[in-house]
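Welcome, and thanks for opening the viewer. Please load the model below and follow along, one selection at a time.

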Amino acid sequence: KKAYAKAIPILEESKAYFPNNIKLYGNLATAYGQTNQPFKAIEQFEQLIQIDPNNARAYLYIGYTYLNLGQQTGNQSYIQRGNEYTEKAKLIDPNVK
């Protein structure tokens with residue numbers, strides 16, 4: 001987790017140089033997720049979707065993040081959002097994992 005925390009500022013700075021690099025946003029989202037910053041992870045996946053609206057994996061990971069938040073907090077709106085995102089992912093790509 002320490003490596004992820006160190007990577008975040010570098011990845012954030014890299015967005016200025018590579019604003020349309022979907023792997024960069026995916027890596028940054030992963031780093032935020034691994035450092036217990038789920039809302040920042042979701043934000044990065046949302047930005048990735050702005051670049052690549054048919055990225056099923058980004059929708060899936062947002063869905064999983066919301067589902068985890070819902071399970072941890074008991075917040076049903078997170079669970080509902082999680083289900084919506086995972087369904088969207090499977091509409092785009094039924095084989096997404």
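## First stop: a charged pair

Begin by selecting Glu12, which is partly exposed, with a relative accessible area of 26%. Keep in mind as you look around that this is a predicted model.

Now add Lys15 to the selection. Lys15 and Glu12 form a salt bridge, and their closest N and O atoms are 3.0 Å apart. How far apart are Lys15 and Glu12 in helix 1? They sit 3 residues apart in that helix, which covers residues 2-17, so about one helical turn separates them. Lys15 itself is buried, with a relative accessible area of 14%, whereas Glu12 is partly exposed at 26%. If you go looking for other salt bridges, you can stop here: a search of the whole structure finds 1.

## Second stop: Gln44

Next, select Gln44, which you will find in helix 3, residues 38-51. Is Gln44 buried or exposed? Gln44 is buried, because its relative accessible area is 1%, and the cut-off for buried is under 20%.

Show the residues around Gln44 next. Leaving aside neighbours within four places in sequence, Gln44 is in contact with both partners of the salt bridge you just visited, Glu12 and Lys15. The other contacts of Gln44 counted this way are Tyr25, Leu28, Ala29 and Tyr32.

For a distance to try in the viewer, pick the C-alpha atoms of Gln44 and Pro9. These residues are 35 apart along the chain, and the two atoms are separated by 13 Å.

## Third stop: Thr65

Move on to Thr65 in helix 4, which runs over residues 56-73. Thr65 is buried, with a relative accessible area of 16%. Which residues does Thr65 touch, not counting those up to four places away in sequence? Select Pro38 and Ile42 to see them. Both belong to the stretch 38-51 that makes up helix 3, where you also met Gln44.

## Fourth stop: a loop residue

Now go to Asn36, in the loop between helix 2 (22-34) and helix 3. Asn36 is exposed, with a relative accessible area of 60%. Have a look at the backbone here too. Most residues other than glycine have a negative phi. Asn36 is not a glycine, yet its phi is positive, at about 60°.

## Last stop: the whole chain

Finally, clear your selection and zoom out. The protein chain holds 5 helices and 0 strands, and from the N terminus on its elements read α-α-α-α-α. The radius of gyration is 13 Å, close to the 13 Å that the globule rule gives for 97 residues, so the chain is as compact as a globular protein of that length. Turn the view along the principal axes, and the C-alpha trace spans about 35 × 30 × 20 Å.

Try colouring by burial: 37% of the 97 residues count as buried. With contacts displayed, consider those between residues at least 6 apart in sequence; 44% of them join residues at least 24 apart.

Switch to a surface, and the chain exposes about 6,200 Å², with carbon and sulfur atoms supplying 50% of it. Colour by charge to end the tour: there are 11 positive and 8 negative side chains, and the centres of the two sets lie 9 Å apart.

Methods. Residues are numbered from 1 along each chain as its sequence is written. This is a predicted model: local features need pLDDT of at least 70, side-chain atom pairs count only at pLDDT 80 or more; totals for chains, interfaces and linings use all residues. Side-chain values use heavy atoms; hydrogens and water are left out. Helices (H or I, at least four residues) and strands (E, at least two) are DSSP runs, numbered from the N terminus. Buried means under 20% relative accessible area, exposed over 50%, partly exposed in between (1.4 Å probe, protein chains only). Contact means heavy atoms within 4.5 Å. A salt bridge is a side-chain nitrogen of Lys or Arg within 4 Å of a carboxyl oxygen of Asp or Glu. The radius of gyration is taken over C-alpha atoms; the globule rule is 2.2 Å times the number of residues to the power 0.38. Accessible areas come from the Shrake-Rupley method with a 1.4 Å probe; for residues, only the protein chains shown count as cover. Lys and Arg count as positive and Asp and Glu as negative; His and the chain ends are not counted. The place of a charge is taken as NZ of Lys, CZ of Arg, CG of Asp or CD of Glu.
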